[in-house]
Amino acid sequence: MKTFCGRANPTTGSMEWLEEGEDYDYHQEIARSRYADMLHDKDRNVKYYQGIRAAVSRVKERGEKAIVLDIGTGTGLLSMMAASAGADFCYAIEVFKPMANAAVKIVEKNGFSDKIKVINKHSTEVTVGPDGDMQCRANILVTELFDTELIGEGALPTYEHAHKYLVQEGCEAVPHRATVYVQLVESKRMWSWKKLFPVHVEAEDGEKILVPPSEMENCPGVPSVCDIQLNQMPSSDFTTLSDVMTMFSVDFSKPVQSAPTYYRVRLEPVKSGKAQIVLSWWDIDMDPSGMINCTMAPYWVKPTSALQWRDHWMQCVYFLPNEEPVLQGEKLYLTACRDEYSVWYNLQKAREGENKADEEELKADVRVESPVCRCRAHLLWNRPRIGELNDQKRTCQYIESLRKVLKIDSVCLCISDGSLLPVLAHYLGAKQVQYFPSRIDLYHPHELWQAFFKANHLEDKIKIIEARPELLKPSHLEDKKISVLVGEPFFTTSLLPWHNLYFWYARTAVSTHLASNVTVLPQSASLHMMIVEFQDLWRIRSPCGICEGFDVQTMDDMIKDSLNFRESKEAEPHPLWEYPCKSLSDPQEVLTFDFTKTVPQHCLSTEGSVKLLRKGRSHGAVLWMEYHLAADISVSTGLTKMSNEKGNCEWNPHCKQAVYFFSSVIESEILSDPTAVTYAINFDTKTGEIAMDFKL
């Protein structure tokens with residue numbers, strides 16, 4: 001059966017209907033999954049195996065049969081560990097059908113079909129009894145239901161149900177417990193992902209300061225966790241204000257409550273500063289004694305131990321509702337509130353001579369409702385985007401470029417999502433400024449902009465045009481021609497670097513409204529590429545083969561089939577500041593896009609070869625865009641610095657770069673040192689898509 005899927009093309013802006021096979025969603029899900037990353041997580045796998053062996057031994061020592069319930073079995077790995085550790089029978093539950101089918105094959109291939117039953121259901125639908133999915137309740141509960149926030153994948157309601165209906169009272173659990181840790185920090189860099197800082201502009205008539213509206217200043221932001229590879233955050237980018245504290249723990253061997261609740265710890269800052277951020281991570285004890293421990297602690301907490309790289313569990317950044325000045329040694333309360341799926345934090349000062357009544361008053365103060373963004377800015381802009389708008393160096397490049405092109409009689413049109421450019425253009429002297437927030441979407445960004453303009457007394461100075469570029473009429477522009485067309489360009493629907501070429505398509509759509517001598521800023525863009533060796537990111541696409549002695553090749557084949565589901569392989573977006581790599585080639589410009597002209601009818605193609613200058617494993621190509629604002633001013637969305645002979649790279653921290661993994665990673669071939677990589681890249685101007693092919 002075929003399905004018609006509608007999608008808005010992020011580059012051309014047009015609505016497209018594509019005919020997809022019924023397995024389309026499955027292939028998408030599998031291709032983008034992190035299964036390989038989990039199977040490569042040696043530390044996780046070894047600790048789970050040790051914990052499972054110990055749990056089976058404890059049950060056997062009591063003279064009982066070991067009956068295992070494995071919720072979210074995936075490949076069936078943990079069930080096979082249990083069976084080989086001597087479990088009498090395992091019920092392996094997997095809700096995702098293609099995965100459950102793969103688990104059946106993997107279990108059979110490893111010779112455990114008589115010991116493991118794979119059940120393709122959600123655990124809350126599993127029945128127990130003579131005619132049920134399970135003959136009896138299990139006495140060992142094994143799960144891996146955790147995300148970076150611990151509870152974001154629904155671990156708590158799943159455990160709550162399992163204890164009520166699927167496992168015996170006093171069962172063994174692997175993991176046995178999880179503990180969440182926190183540390184209070186000050187960090188201008190991380191705070192710049194939540195708060196918009198004032199922008200200073202030197203104009204003809206003195207300094208102007210663009211301030212965010214009060215609604216945004218006082219907004220708690222969105223409740224979703226900010227999960228990052230904290231191990232890539234240099235210690236110079238934050239100051240720790242407290243010791244590491246235990247916030248709460250969950251014992252999985254006892255009944256678990258998922259109802260909203262809160263936890264509070266008393267802390268005394270070890271340093272004075274501005275409390276802005278709560279950093280958090282967790283560890284799991286695989287056994288009751290805590291001897292088998294798997295931790296997500298970042299580098300400064302356990303500096304002596306070797307860090308296990310993993311991308312499925314990272315660390316959390318939580319933003320306090322407001323910045324709180326704190327003094328060394330003063331008494332504070334940090335409160336963690338949670339619902340079934342997320343956690344958020346509040347900081348309160350302890351009152352002088354505090355008593356029981358004050359404690360009760362503090363408790364009454366706790367709101368267990370999740371924070372909600374009311375200013376709309378946090379819904380329109382994600383955190384990297386707020387960081388980008390706060391990047392002073394970048395803003396200065398746009399200010400300098402606008403200065404070069406704006407005249408006193410300029411009629412300026414800005415095409416970009418959630419951009420400060422219209423305000424900058426007005427401050428720098430444009431006579432008339434129109435703004436196209438290209439996607440008039442469900443968050444009503446024009447209402448956000450009305451608040452922005454009001455906060456800066458610009459209500460009647462900048463006009464928002466609520467129409468698509470192709471529907472622009474002369475009346476929208478008061479019958480004037482546009483003399484300056486500007487864009488960053490940035491669009492909220494862009495996933496890959498070249499999706500922001502939507503600016504070019506919008507520019508083409510409004511071309512009849514442009515003056516003959518129009519200035520377009522940026523005047524052009526270029527696509528750049530470099531061959532790299534990743535320190536760790538390659539693992540997410542690398543086959544596993546044998547994992548802890550079990551053959552999981554079926555899983556590798558399934559991922560490979562899904563990656564090859566499309567006729568041509570695709571690049572995928574990754575924020576490379578979090579994923580170190582070294583360059584094996586020089587960066588190379590491969591395509592250019594001239595914004596002073598309309599989008600051509602013909603495709604833009606290029607082919608050539610890149611010379612490899614350093615020895616290393618060619619894991620893939622990284623691609624990014626550069627925008628040429630003025631003669632000598634360019635903004636890169638990718639490489640910002642190649643620091644030394646070793647080829648270490650620094651990347652734009654506000655953007656995701658495109659990564660094209662070579663098939664040698666996906667097929668795990670070790671090639672004798674290649675000296676060059678040949679490439680063919682084609683930009684289809686009709687679809688706005690880039691197809692690429694590389695050969696080592």
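Three strands of this predicted model form an open sheet, ordered β31-β37-β38, with antiparallel pairing. Two of these strands stand at the edges: β31 (604–611) and β38 (689–695). Each has a single partner strand, so one side of each is left without a neighbour in the sheet. On average, neighbouring strands here are turned by 15 degrees against each other, direction ignored.

Look next at the pairing of β37 with β38. Strand β37 covers residues 676–684. Seven bridges join β37 to β38, and the two run antiparallel. One bridge is easy to find by residue: F683 has I690 as its partner in β38.

A second sheet has parallel pairing. Five strands build this open sheet, in the order β22-β21-β20-β23-β24. Its edge strands are β22 (462–464) and β24 (514–521), each pairing on one side only. From one strand to the next, the twist averages 25 degrees. Inside the order, β20 sits beside β23. Strand β20 spans residues 411–415 and strand β23 spans residues 482–486. Three bridges join the two, which run parallel. Here C412 stands opposite V484 in β23.

Helices lie across strands of this sheet. Helix α12 crosses β23 and β24, and runs at about 160 degrees to β24. Helix α15 (residues 502–509) lies across β20, β23 and β24. Its angle to β24 is about 170 degrees.

Follow α12 on to the largest cavity. The structure holds three cavities of 30 Å³ or more. The largest cavity contains about 70 Å³ of space. Its lining consists of L389, R394, T395, Y398, S419, L420, L421, L424 and E488. By type, that lining divides into five nonpolar, two polar and two charged residues. Two helices, α12 (392–405) and α13 (421–427), each supply at least two of the lining residues. The largest share comes from α12, with three residues. Thus α12 both lies across β23 and β24 and contributes to the wall of the largest cavity.

Now turn to a helix pair. Helix α5 (residues 97–109) packs with helix α16 (residues 553–563) at an angle of about 145 degrees. Their axes are 8 Å apart. On the α5 side, the contact is made by P98, M99, A102, K105, I106 and K109. On the α16 side, Q553, T554, M555 and M558 take part. The contact residues divide into six nonpolar, two polar and two charged.

Which residues lie nearest the centre of the second largest pocket? They are N231, A297, L307, Q308 and W309, out of a lining of 19 residues. About 330 Å³ of space lies in this pocket. Its lining divides into six nonpolar, eight polar and five charged residues.

Finally, the record. In an unreviewed entry, UniProt lists residues 176–347 and 523–685 for "domain: Protein arginine N-methyltransferase". Over residues 176–347, the chain is 5% helix and 46% strand. The end C-alpha atoms of residues 176–347 are 30 Å apart.

Note on methods
Residues numbered from 1 in each chain as written. Predicted model: local features only at pLDDT ≥ 70, side-chain atom pairs only at ≥ 80, totals over all residues. Heavy atoms only, no water. 1 Å grid on protein atoms, 1.4 Å probe; cavity = no way out; pocket = protein on both sides within 12 Å on 5 of 7 lines; lining within 4 Å. Points joined across faces, edges and corners; volume = space filled by probe spheres on them. Nonpolar A, V, L, I, M, F, W, Y, C, P; charged D, E, K, R; others polar. Pairing = 2+ DSSP bridges. Helix = DSSP H or I, 4+ residues; strand = E, 2+ residues; numbered from the N terminus. Axes fitted to C-alpha atoms, helices over the stretch in contact; angles between N-to-C directions. UniProt positions renumbered as here; feature names shortened; annotations may be inferred. Contact = heavy atoms within 4.5 Å.
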